[in-house]
Amino acid sequence: MASINTTHGKSSRLTTLAQQLRLYKPDEETDCATTTPVGSERFTPKKAAVLICLFEQSDGGLRVILTKRSSRLSTHSGEVSLPGGKAEEDDVDDADTATREAKEEIGLDPSLVDVVAYLEPFLSKHLLRVIPVIGILSDANAFTPTPNVAEVDDVFDAPLEMFLKDENRRCEQREWMGEKYLVHYFDYETGGKKYLIWGLTAGILIRAASIVYQRQPDFVEQNPKFKVPGDLNKDTIMP
């Protein structure tokens with residue numbers, strides 16, 4: 001992340017936001033990762049969690065921390081993502097998974113993050129059931145990114161509200177298991193570098209921004225609601 005002007009300590013806005021988000025209850029109707037039994041079998045996606053880490057700039061704008069994955073990774077190489085990964089046996093809960101992965105990937109100390117909400121699960125391209133965890137970083141100046149070079153090429157931040165605006169955005173319609181849905185792409189430039197935020201990460205951030213700002217995006221969202229049959233296997237990949 002570039003040098004930024006941030007607030008010191010938790011501002012009144014962040015305090016209010018934390019109180020608001022703690023009241024949020026995931027909506028089962030918008031669960032994008034439901035499963036459907038087939039015969040006596042049930043396909044159960046493996047669990048993962050990502051951290052939507054928000055902080056406030058001095059001008060009051062909310063920003064979210066993002067990473068560019070290493071170009072050497074076998075999956076999603078070079079793509080923009082939220083810190084996070086697969087759940088491990090020792091993880092206490094989804095927040096533990098998300099904050100542990102954030103520490104491993106970018107050196108973010110979990111003690112700096114106040115976890116305030118869990119969003120509805122999303123289904124990843126490789127059929128992981130991904131739980132977005134919203135956390136608030138009260139003092140961004142206490143965090144100096146230290147990317148794990150084996151996993152992360154870059155760490156940056158973007159304004160959360162951009163994911164509600166129909167600017168620098170495009171989309172394409174896809175279909176899987178008879179379900180049509182939109183894949184959103186956001187172009188973003190900062191510090192002389194250009195990033196493309198799309199797919200699962202874009203979808204999660206659209207949802208998070210809608211909840212934080214309590215309004216719908218300026219464009220059609222069209223999330224998928226997959227009923228995943230039990231005869232799929234771990235090698236199945238969404239289009």
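Q: Which residues of helix α1 are buried?
A: In this predicted model, the buried residues of α1, a helix that spans residues 12–22, are L14, L17, A18 and L21. They sit on the same side of α1, because they cover an arc of only 100 degrees around the axis.

Q: Why would residues with that kind of spacing share a side?
A: An α-helix has 3.6 residues a turn, so residues three or four places apart point the same way.

Q: What covers the buried residues of α1?
A: The cover includes strands β2 (46–56), β3 (62–69), β6 (113–118) and β8, along with helix α3.

Q: Take β8, then. Where does V133 lie, residue-wise?
A: V133 is in strand β8, which runs over residues 128–137.

Q: Is V133 buried or exposed?
A: Buried: V133 has 0% relative accessibility, and the cut-off for buried is under 20%.

Q: What does V133 touch, leaving out residues up to four places away in sequence?
A: The list is A49, V50, L51, I52, D94, A95, A98, V115, A117 and Y118. For L51, the C-alpha atom is 5.0 Å from that of V133, although the two residues are 82 apart along the chain.

Q: What share of the contacts in the whole chain joins residues at least 24 apart?
A: The figure is 70%, counted among contacts between residues at least 6 apart in sequence.

Q: While we're on the whole chain, how many helices and strands are there?
A: There are 3 helices and 13 strands. The chain has 239 residues, and 49% of them count as buried.

Q: And how much surface does the chain expose?
A: About 11700 Å², with carbon and sulfur atoms supplying 47% of that area.

Q: Switching to cysteines. How many disulfides turn up in the structure?
A: A search of the whole structure gives 0 disulfides.

Q: Remind me what a disulfide is, strictly?
A: A disulfide is a covalent bond between the sulfur atoms of two cysteines.

Q: C53: buried or exposed?
A: C53 counts as buried because its relative accessibility is 1%.

Q: What about C171?
A: C171 is partly exposed, with a relative accessible area of 37%.

Q: C171 brings up β10. Which strands are in the open sheet with β10?
A: The sheet has 3 strands in the order β10-β11-β12, and the pairing is antiparallel. β10 and β12 are at the edges with a single partner strand each, so one side of each has no neighbour in the sheet. From one strand to the next, the twist averages 20 degrees.

Q: Does a helix pack on that sheet, and which strands does it touch, if so?
A: Helix α3 (residues 199–213) packs on the sheet and touches β11 and β12. The direction of α3 makes about 80 degrees with that of β12.

Q: How many bridges are there between β10 and β11?
A: β10 (residues 169–176) and β11 (residues 179–190) pair over 8 bridges. One of the pairs can be named: R170 has Y185 in β11 as its bridge partner.

Q: And between β11 and β12?
A: These two pair over 6 bridges, with β12 taking up residues 193–198. E189 stands opposite K194 in β12, and T190 has K193 as its bridge partner.

Q: What happens at the turns of the two hairpins?
A: The hairpin of β10 and β11 has 2 residues between the strands, and M177 there takes a positive phi near 55 degrees. The hairpin of β11 and β12 also has 2 residues between the strands, with G191 at a positive phi near 60 degrees.

Q: What sign does phi usually have?
A: Most residues other than glycine have a negative phi.

Q: What is the phi of N168, and where is that residue?
A: N168 has a positive phi near 50 degrees and is not a glycine. It is placed in the loop between β9 (152–159) and β10. N168 is exposed, at a relative accessible area of 57%.

Q: Same question for Q214?
A: Q214, not a glycine either, has a positive phi of about 55 degrees. Its place is in the loop between α3 and β13 (226–228). Q214 counts as exposed because its relative accessibility is 62%, and the cut-off for exposed is over 50%.

Terms used: Residues numbered from 1 in each chain as written. Predicted model: local features only at pLDDT ≥ 70, side-chain atom pairs only at ≥ 80, totals over all residues. Heavy atoms only, no water. Helix = DSSP H or I, 4+ residues; strand = E, 2+ residues; numbered from the N terminus. Buried < 20%, exposed > 50% of the residue type's maximum accessible area, 1.4 Å probe, protein only. Contact = heavy atoms within 4.5 Å. Disulfide = S-S within 2.5 Å. Pairing = 2+ DSSP bridges. Areas by Shrake-Rupley, 256 points an atom, 1.4 Å probe, with all protein chains shown as cover. Axes fitted to C-alpha atoms, helices over the stretch in contact; angles between N-to-C directions. Arc of directions from axis to C-beta.
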